[in-house]
Amino acid sequence: MSNHAELVHLRDASVQARRARPDVPLALATLVAVDGSSYRQPGARMLCDAEGRVLAGAISGGCLESDVAQRAASVCASGVGSLVSYDLREDLETIWGFGTGCDGVAHIMLAPWRDGAAFDDALRSAQARELGVLLTVVASADERRIGEASFEGARAASGARARVAETPDARSRTSGFDGLRDRVLHAVQRTGAAFLGTNESGVRVFGAPVHPPVHVVVVGASRGAEAFAQATASAGWLVTVVDHRDDALTALTLPTDASRRTVLAEHVAGALAENRCVSDSRTCFALCTHRFDHDLAWLRSLIPTRVPYIGLLGSRQRAARLLRALTESGTILRARDRARVYAPIGLDIGGDSPQAIALAAIAEMHTVLHSRPGGPLRERQAPLHTRSATPSIATDIAMQSCPLPTTPPIPHSRERR
């Protein structure tokens, strides 16, 4: 599930829960740090209620959810957040009986769910195609601040950077909450990765990136476009089908959230330049017009953009002709430009139906966006899941590991199910 889709799912679940059972408090579990290997990475979230039920989201491969949900009850009762750590390495795995097969320590922040305003702000920024940061207070001398969440969009982050640089007492503020908050914010904005910062006063702030949703643009209103749209929607991504014919677009049966856009071949460059058709680093294109001149027009206009994936439907020979025509018309193709063109489109999974082609293409886009090779997992020599140390910030802020609990997980209770 994409970052954006997960936030939408959590926010919708909280609204539904409050509407159905307004007197039952909610709690949010956030994976704030991982030492070693983990199915999920920092920033993964899960929504629970005071009765120990999981309402939405996930923070592991399924092994921790039940115990964390049980612990959420006390957080809901006290109104104060708490940090829980699970050592899933072989020794405690045997003692506690998780049977996960993981090789790491997961640090999870449990906090009362308040109004969800930070999530709303994050979703608005993501829809505007901006990278934002969700900030959460993990530890503070003031217990009321623990679990406090706020959102900072790209413009706010730039402003905060200017504030830190220009304020005369900025150096003295680095030991306080504001200084730590700004530094975590800048680190996440700079790298696009999650960070957990701690200062000498014991304040701890976790920042997680909020990426815009992946957007797939299918060019060509063929029946295959319907299969592309269905596969894209199933991945939790946005999809837009583009064609030069209004009637062909109207005739398509697409998912509810899919968009239709009419763009003439001669107006492609203008549509991209004016952002009438999204073409950023979180957008993938599938050129499926079945018309050589139209595919060429789109390809020529997409090369100068930041899109990481341009897929061409058709044979290898047709793709070679398109690239040759592109260079002969004066377009300079650098190595990194050619690397973004995937032709024929999709992974080699077999099948020639529109559904199989769409599945192969969406899978290939996923590998590109996540920098993975796309081969069988049984042949992968590297760890299946990312191994990462506790996040650190290259500043004067000291980083500390989360303390491990000395008590075992809460036993499952059937009465509370």
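**A four-stranded sheet and a pocket**

Leu196 sits opposite Phe206, a residue of β9. The model described here is a predicted one, and this pair of residues is a handy way into its sheet. Strand β9 covers residues 204-210 and pairs with β8 in the antiparallel sense, with four bridges between the two.

Zooming out, β8 and β9 belong to an open sheet of four strands, arranged in the order β7-β6-β9-β8, with antiparallel pairing. As a reminder, strands in a sheet are held in pairs by backbone hydrogen bonds, and the pairing can be parallel or antiparallel. The edges of this sheet are taken by β7 (149-152) and β8 (195-198); each has a single partner strand, so one side of each has no neighbour in the sheet. The strands are not lined up perfectly: on average, neighbours are turned by 25° against each other, ignoring direction. A helix joins the picture too, as α4 packs on the sheet and touches β6, β7 and β9. The direction of α4 makes about 20° with that of β7.

Now for the empty space. The second largest pocket has a volume of about 280 Å³. Its lining is made up of 18 residues, and those closest to the pocket centre are Pro112, Arg114, Gly147, Glu148 and Ala149. Which elements give two or more residues to this lining? They are β1 (26-37), β5 (104-112), α4 (117-127) and β6 (132-139). So α4 and β6 turn up again: they touch each other where the helix packs on the sheet, and both contribute to the pocket lining. By residue type, the lining splits into 10 nonpolar, four polar and four charged residues.

Definitions and conventions: Residues are numbered from 1 along each chain as its sequence is written. This is a predicted model: local features need pLDDT of at least 70, side-chain atom pairs count only at pLDDT 80 or more; totals for chains, interfaces and linings use all residues. Side-chain values use heavy atoms; hydrogens and water are left out. On a 1 Å grid over the protein atoms alone, a cavity is a set of points where a 1.4 Å probe fits but cannot get out, and a pocket is an open set with protein on both sides within 12 Å along at least five of seven lines; lining residues have an atom within 4 Å of a point. Grid points are joined across faces, edges and corners, and a volume is the space filled by probe spheres set on the points. Ala, Val, Leu, Ile, Met, Phe, Trp, Tyr, Cys and Pro count as nonpolar, Asp, Glu, Lys and Arg as charged, and the others, Gly among them, as polar. Two strands pair if DSSP finds at least two bridges between them. Axes are lines fitted to C-alpha atoms, for helices over the stretch in contact, and angles run from 0 to 180 degrees between N-to-C directions. Contact means heavy atoms within 4.5 Å.
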